[in-house]
Amino acid sequence: MKVVIVGAGSVGSSIARELLAHKHDILLIDLKPEVIGRSGLRGAHWLVGDACELSTLQGAKVEDADVVVSATGDDKVNLVVSLLAKTEFGVGRTVGRVNNPKNDWMFNDSWGVDVAVNTPQLMTALVEEAVEIGDLVRLLTLQTGVSSLVEFTVPHDSHVIGLTVGDIDWPEDATLVAILRDHAPITPSRDDVIDGGDELFFVTTIAAEDDLRALLSPESAEAADHAGAPEGVHPTGSQAPEDDGFDG
């Protein structure tokens, strides 16, 4: 995979280092020629220039890139580069770094951004993920603000423990994509049994996050006990007989 990274600062260099380790073809674009000597990124290609200029992007042959990452410390630059990569060169995937959370709303398809990475927001999410067991934590916003990657760590007293993935009537627009158990990733199937301490990862629409949060909350189990027939999950841990499908 060919990846063009604009901005060879600490963020751009870190991304490049990881991608190089996975044998990807990396081209870094930066205004400062001195970053080449101190980067330590062996195997990377370099272009010194202003990535906001069409001529620079043409020289980089951005049209051949699979992904363009705009990782500078300037949100204006990141937006312009993403827009040019998408509209002028037809790049299939653009990733834009958001430096100021107040600018997050602009990093969408109007500016050619497929995935916005808000570093402060991501750091906050990772902190919350480490301490907020039993709460749904958004890790990343995907597809121009329509979808997200969220994580839920199952408390050891959760009402979903002992249920299989197929026992639970997940919200229509939420898909369970991975289970992390004892530091090992599991590709979920409907027969996998949920255990305390499992980290559940979902790709979901922003709108469905509240439904997913409500389903996994302790209040959902209390409502089940009082109602006797909750949406999808019985207090006994069995699926409602009229629907045993696994939508997520």
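**Exercise 1. Place alanine 207 and state whether it is buried or exposed.**

Alanine 207 sits in the loop between β11 and α6. Helices (H or I, at least four residues) and strands (E, at least two) are DSSP runs, numbered from the N terminus. The model is predicted: local features need pLDDT of at least 70, side-chain atom pairs count only at pLDDT 80 or more, and totals for chains, interfaces and linings use all residues. Residues are numbered from 1 along each chain as its sequence is written, and side-chain values use heavy atoms, leaving out hydrogens and water.

Next, take the accessibility. Alanine 207 has 66% relative accessibility and counts as exposed. The cut-offs are under 20% relative accessible area for buried, over 50% for exposed, and partly exposed in between (1.4 Å probe, protein chains only).

Last, look across the chain. Serine 148 is 59 residues from alanine 207 along the chain, and their C-alpha atoms are 9.8 Å apart.

**Exercise 2. Find the elements that build the largest nonpolar core.**

Start with the term. A nonpolar core is a set of buried Ala, Val, Leu, Ile, Met, Phe, Trp, Tyr and Cys residues joined through side-chain atoms within 4.5 Å.

The largest one has 18 residues. Trp170, Leu200, Phe202, Leu212 and Leu216 touch the most other members. At least two residues of this core come from each of β8 (147–153), β9 (174–181), β11 (199–205) and α6 (209–216).

Now zoom in on phenylalanine 202. Leaving aside residues up to four places away in sequence, phenylalanine 202 touches ten partners by name: Ser148, Leu149, Val150, Phe152, Trp170, Thr175, Leu176, Val177, Leu212 and Leu216. A contact here means heavy atoms within 4.5 Å.

A second, separate core has 17 residues, including Ala16, Leu28, Val35 and Ala44.

**Exercise 3. Work out which residues of α1 are buried and where they point.**

First, the helix. α1 covers residues 10–21, 12 in number. From first C-alpha to last it reaches 17 Å, close to the 16 Å expected at 1.5 Å a residue. That expected span is 1.5 Å times one less than the number of residues.

Second, the buried set: Gly12, Ser13, Ala16, Leu19 and Leu20. Down the axis of α1 these fall within an arc of 130 degrees, so they line one face of the helix. The arc is taken from the directions from the helix axis to the C-beta atoms.

Third, the partners. The buried residues of α1 pack against β1 (2–6) and β2 (25–30).

Fourth, the face turned away from the buried side. The exposed residues there are Ser10, Glu18 and Ala21.

After α1 comes lysine 23, with a positive phi near 70 degrees.

**Exercise 4. Describe the surroundings of threonine 56 and threonine 94.**

Threonine 56 lies in helix α3 (residues 54–59). Its relative accessible area is 12%, so threonine 56 is buried. A polar atom of its side chain lies 2.8 Å from the backbone oxygen of aspartate 50. Beyond four places in sequence, threonine 56 touches Ile29, Leu47, Gly49, Asp50 and Ala51.

Threonine 94 belongs to strand β5 (residues 93–98). Threonine 94 counts as buried because its relative accessibility is 0%. A polar atom of its side chain lies 2.4 Å from the backbone oxygen of glycine 112. Beyond four places in sequence, threonine 94 touches Val68, Ser82, Ala85, Lys86, Gly112, Val113, Asp114 and Val115.

Conventions. Polar contact = N/O pair within 3.5 Å; in protein donor to acceptor, adjacent residues only side chain to side chain.
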